[in-house]
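Biologist: Please take a close look at one part for me: the place where the two chains meet. Then show me how charged side chains pair up elsewhere.

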Amino acid sequence: MAVDTQAPSRGFIGASYRTCPETGLKVCSQAEALIKVNAVVAVVFLAVGGFFGLMVALTRWPAVHLLPADWFYLLLTAHGADVLLFWVIFFEVAVLYFASAIILNCRLAAPKFAWLAFVLMVVGAVLANVAVLQGESSVMFTSYVPMQAAPHFYLGLIVFAVGTLIAVFCFFGTLVIAKEEGSYEGSVPLVTFGAITAAIIAVFTIASGAIILIPTFLWSIGYISHIDPLMYKVIWWGMGHASQQINVSAQVAIWYAVAAMLLGAKPLSEKVSRMAFLMYILFLQLASAHHLLVEPGVSSEWKIFNTSYALYLAVLGSMIHGMSIPGAMEAAQRRNGFNNGIFEWLRKAPWSNPAFSGTMLSIVIFGFLGGISGVVMGTEQLNLIMHNTLYVPGHFHATVVGGTTLAFMAVSYLLVPLIFRKEIMFKKIAQWQPYVFGAGVAGISLFMMGAGTLGVARRHWDMGFSDAAMSFDYPATAFLMMGLNGIAALCAALGGLMYVLVIVCSVFFGKARTPESIAAFPTLPKTGGAATVTTYGSEAHPKLPGTVVLVSVFFVAFVLYYYVNWKYLSEVWPLS
Amino acid sequence: MSDQNTGSGGAPEERVPAMQRLLDNPFLLLFMGVATPAALYLLWGVMELSQIPLAP
């Protein structure tokens, strides 16, 4: 049973704790409450934004073509803001509080400011949604000038960003408290280090957003006469793309956490994994430049340095994580006795546990679809054959939805019993949910990338150009791709609905966890546990033949796909 | 140079490598993580844009 204790008062803030009966961790009650509210609001925005996304996909399905043009652009704007910003960042704030106060066993810094941050984030997100749904702000997620949204659209984003910044500094403050109070020795655990990486990228993201959104807000109310469109694009992408790098860091931290909690997996090398995160801290944000690869106003030196030389160091970080996490799982499984052949460790992994299956699908979809396509798009020459086509949303649906959203869904199946202290309801639906959602998202990503390769433009209401002065016909295969994309979107929407159903019902109507139910159905199996997540340490002398095979398959796919695209490029400009 | 210092209690303390000290300092990482993209992406990009001549 949970035990509430009063910690020694420190300064003017007293903190109350409970001891988690499953993990033995000391849980700060303020941190726990803030994790709950941020996670719940995140799921609300996922549900709303996901519904808008389904409407968009059904409109881009030529045989259905659901919405009129004005509604299409309105819901596309709302979909982008709700899922690319609000869903992921609310959840990431919950992850930051978990990775600091809970994993480091200490109190949350400045809980009143953390509540203020939450209120500001909610107010900002609601304000931006109201502005879009009123119909005067259908400017897409990018809101490129000179398209002008209503002032409260920009104001909503600014208020949301201020709230997020306060939450991020509460996280940094909690690290200081943990160090001062000696709640850990030596280095922070790797999962917390991943959260530090996400928080650092968040600060750069918010700073870039402030630099461009505050003048744009003043422009929208008439205080500034002109915003340079190219200047806007450069600085806006410092926010727009970097915000998605917060996701990457948070999701990788979650991959390590789930592997440790379910299998007892330790990193193959703490130092190498931390160096990979350092590559993210220094270079991942520079990927923003790939949105400007066809802009004539910036030099090739700037483009190539940012998207190739520097970004490749961040990609190296991702590949280290991509090898290290399956490797850590294999090492742990072999330690747990699954030693036969090359793949017994993988076959006998807990595939019926949605936390594990969601994490594995997230790794595969992010790596094979999102990672490889990201490197291809980041190459200046190759970018020309897919820039501003549906290939781009195909890529980021693999990273943000297949990678981040699926990882967040996976860890939710651990957070509900451990933080909300409720039983997961509808266990069979929960068991299937990551597969249904993962299959849908992989389909969306593949079919959009296929359509983009055939030249289909992104952000376009009608690929048939029915009302255009000059007609244009895409190949028939492009129409097939968009039809398949619609079917995949229905599958992903079903998976999303299953997730919302299971999580919302479990949180609000689920049975409370009792000592009996904990003993009968422990959230963390005997092979795992909290100790691996909260301590520093690497796997000793692992032998990983299965991971070597998987990584080899990845590299072969990577090389083949990279050169196939150079072949496509050579066909665009034949030399004679 | 010795790899070990003597702590206040007389027990030998293992010297922490420079890279480890860097990785253990979130605020130094924060500075580097903001300054690097600010210089290489934002400042460099804005400087290039500011040098584009205005149309007559």
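Modeller: I start with the interface and then turn to the salt bridges. Keep in mind that this is a predicted model.

First, the contact itself. On one side, 24 residues of chain B take part, and they touch 37 residues of chain A. Together the two chains bury about 2,600 Å². Carbon and sulfur atoms account for 79% of that area. Three residues stand out on the chain B side. B:L23, B:Y41 and B:L49 supply 26% of the area that chain B buries against chain A, and no other three residues supply more.

Which elements of chain B give two or more residues to this side? They are α1 (18–23) and α2 (26–50). Of these, α2(B) gives the most, with 18 residues. Now sort the touching residues of chain B by type. There are 18 nonpolar, four polar and two charged ones.

What about polar links across the interface? The rule finds seven residue pairs in polar contact, with both residues at pLDDT 80 or more. It finds zero salt bridges between chain B and chain A.

Salt bridges do turn up in the structure as a whole. The search over all chains gives 11 of them. Here are three from chain A.

Take A:E270 and A:R274. Their side chains meet in a salt bridge, at 2.8 Å from N to O. Both residues belong to helix α8 (residues 270–283) of chain A and sit four residues apart, so about one helical turn separates them. A:E270 and A:R274 are both buried.

Next come A:R513 and A:E423. The closest N and O atoms of this salt bridge are 3.2 Å apart. A:R513 lies in the loop between α15 (476–509) and α16 (515–520) of chain A, while A:E423 lies in the loop between α13 (391–420) and α14 (427–453), so the pair ties together parts 90 residues apart in sequence. A:R513 is buried, and so is A:E423.

The third pair is A:K567 and A:E571. The salt bridge between their side chains spans 2.7 Å, N to O. Both residues lie in helix α18 (residues 545–572) of chain A, four residues apart, about one turn of the helix. Are they buried or exposed? A:K567 is partly exposed, with a relative accessible area of 49%. A:E571 is partly exposed too, at 48%.

Salt bridges can also link up. A:R18, A:E32 and A:R421 are joined into one network by salt bridges that share partners.

Conventions. Residues are numbered from 1 along each chain as its sequence is written. Chains are lettered from A and ligands numbered from 1 in the order in which they are written. This is a predicted model: local features need pLDDT of at least 70, side-chain atom pairs count only at pLDDT 80 or more; totals for chains, interfaces and linings use all residues. Side-chain values use heavy atoms; hydrogens and water are left out. Contact means heavy atoms within 4.5 Å. Buried area is the accessible area (1.4 Å probe) that two parts lose on being put together, summed over both. A salt bridge is a side-chain nitrogen of Lys or Arg within 4 Å of a carboxyl oxygen of Asp or Glu. A polar contact is a pair of N or O atoms within 3.5 Å; within protein, one must be able to donate a hydrogen and the other to accept it, and residues adjacent in sequence count only if both atoms are side-chain atoms. Ala, Val, Leu, Ile, Met, Phe, Trp, Tyr, Cys and Pro count as nonpolar, Asp, Glu, Lys and Arg as charged, and the others, Gly among them, as polar. Buried means under 20% relative accessible area, exposed over 50%, partly exposed in between (1.4 Å probe, protein chains only).
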